Amino acid sequence: MRTFDLAPLYRSTVGFDRLFSLINQIENGEAGNASYPPYNIEKVSEDGYRISLAVAGFTEADLSIETKENWLVIRGEKTAEENKAEREFLFQGIAARQFERRFRLADHVTVSGARLEHGLLHVDLVREIPEAKKPRQVPIHAPREMAAQLAA
């Protein structure tokens with residue numbers, strides 16, 4: 001069984017702490033489908049992230065992406081092929097089984113887009129903090145300046 005140390009990722013990403021904890025729990029808890037399909041999570045900018053799933057053999061029609069509350073759910077279900085009876089595989093190593101991957105998103109993280117290219121499904125995420133939640137600077141005034149401002 002493979003184990004991954006996600007500790008270095010905690011230091012470099014803000015807002016994904018729970019996501020990495022959840023990934024770690026999933027990897028340790030679920031045995032069967034925990035590694036299919038394989039995926040990467042990368043930080044592409046200050047507030048931008050990308051989840052890439054290896055979905056070789058799936059088309060856009062076979063995949064669905066859904067967000068609800070703080071969850072991102074990616075499903076893949078292969079439709080029946082018309083010419084399956086005509087094909088005879090000597091070896092079939094490309095998995096085309098159905099899957100469902102769930103990712104818990106951090107607060108203020110939303111899906112900004114998705115694209116399928118060269119057998120990889122890229123889901124772009126952006127962290128948008130509302131103005132009310134952003135830190136702000138509070139000026140420090142000397143006592144005389146405060147008295148003058150209060151008098152005016």
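Okay, let's start with a question: which residues of the largest nonpolar core touch the most other members? There are 18 residues in that core, and the ones that touch the most other members are Leu53, Leu72, Ile74, Phe99 and Leu125. As for the elements, those giving two or more residues to this core are strand E2 (48-54), E4, strand E5 (99-104) and strand E7 (120-127). Before I go on, please keep in mind that this is a predicted model.

Let me back up and give you the whole chain. The protein chain has three helices and seven strands. If you walk from the N terminus, the elements go α-α-β-β-β-β-β-β-β-α. There are 152 residues, and 26% of them count as buried. The chain exposes about 11,100 Å², with carbon and sulfur atoms supplying 51% of that. And here's one about contacts: take those between residues at least 6 apart in sequence, and 55% of them join residues at least 24 apart.

Now, back to the core, and to one residue I'd like you to find on the screen, isoleucine 74. It sits in strand E4, which covers residues 71-76. Is isoleucine 74 buried or exposed? Buried: its relative accessible area is 0%. That goes with a general tendency: in soluble globular proteins, nonpolar side chains tend to be buried together.

So what does isoleucine 74 touch, if we skip its neighbours within four places in sequence? The contacts are Leu53, Ser64, Ile65, Phe99, Glu100, Arg101, Phe103, Leu121 and Val123. Leucine 121 is a nice one to look at, since it is 47 residues away from isoleucine 74 along the chain, yet their C-alpha atoms are separated by 9.8 Å.

Another name on that list is phenylalanine 99, so let's look from its side. Leaving out residues up to four places away in sequence, phenylalanine 99 touches Tyr36, Pro37, Leu53, Val55, Phe58, Leu63, Ile74, Arg75 and Gly76. You'll notice Leu53 there, and Leu53 is in contact with isoleucine 74 too.

Next, the sheet around E4. Three strands make an open sheet in the order E3-E4-E5, and the pairing is antiparallel. E3 and E5 are at the edges with a single partner strand each, so one side of each has no neighbour in the sheet. From one strand to the next, the twist averages 15°.

Let's take the two pairings in turn. Strand E3, residues 63-68, pairs with E4 over six bridges. One of the residues involved is isoleucine 65, whose bridge partner in E4 is our isoleucine 74. The hairpin of E3 and E4 has two residues between the strands, and there glutamate 69 takes a positive phi near 55°.

On the other side, E4 and E5 are also antiparallel, joined by six bridges. Here valine 73 has arginine 102 in E5 as its bridge partner, and arginine 75 stands opposite glutamate 100.

Arginine 75 is a good way into the charged side chains. How many salt bridges does a search of the whole structure find? Seven. In one of them, arginine 75 pairs with glutamate 66, with the closest N and O atoms 3.7 Å apart. Both partners are partly exposed: arginine 75 has a relative accessible area of 28%, and glutamate 66 comes in at 37%.

Then there's aspartate 62 with lysine 78, at 3.6 Å from N to O. Aspartate 62 is in the loop between E2 and E3, while lysine 78 is in the loop between E4 and E5, so this salt bridge ties together parts 16 residues apart in sequence. Aspartate 62 is buried, at 6%, but lysine 78 is partly exposed, at 29%.

The last pair is aspartate 124 and arginine 50, which meet at 2.7 Å, N to O. They link distant parts of the chain, with aspartate 124 in strand E7 and arginine 50 in strand E2, 74 residues apart. Why does aspartate 124 count as buried? Because its relative accessible area is 18%, and the cut-off for buried is under 20%. This pair also has company: Arg50, Arg115, Glu117 and Asp124 are linked in a network of salt bridges.

That's my tour, thanks for listening!

How values were computed
Residues numbered from 1 in each chain as written. Predicted model: local features only at pLDDT ≥ 70, side-chain atom pairs only at ≥ 80, totals over all residues. Heavy atoms only, no water. Helix = DSSP H or I, 4+ residues; strand = E, 2+ residues; numbered from the N terminus. Buried < 20%, exposed > 50% of the residue type's maximum accessible area, 1.4 Å probe, protein only. Contact = heavy atoms within 4.5 Å. Core = buried A, V, L, I, M, F, W, Y, C linked by side-chain atoms within 4.5 Å. Pairing = 2+ DSSP bridges. Axes fitted to C-alpha atoms, helices over the stretch in contact; angles between N-to-C directions. Salt bridge = Lys/Arg side-chain N within 4 Å of Asp/Glu carboxyl O. Areas by Shrake-Rupley, 256 points an atom, 1.4 Å probe, with all protein chains shown as cover.
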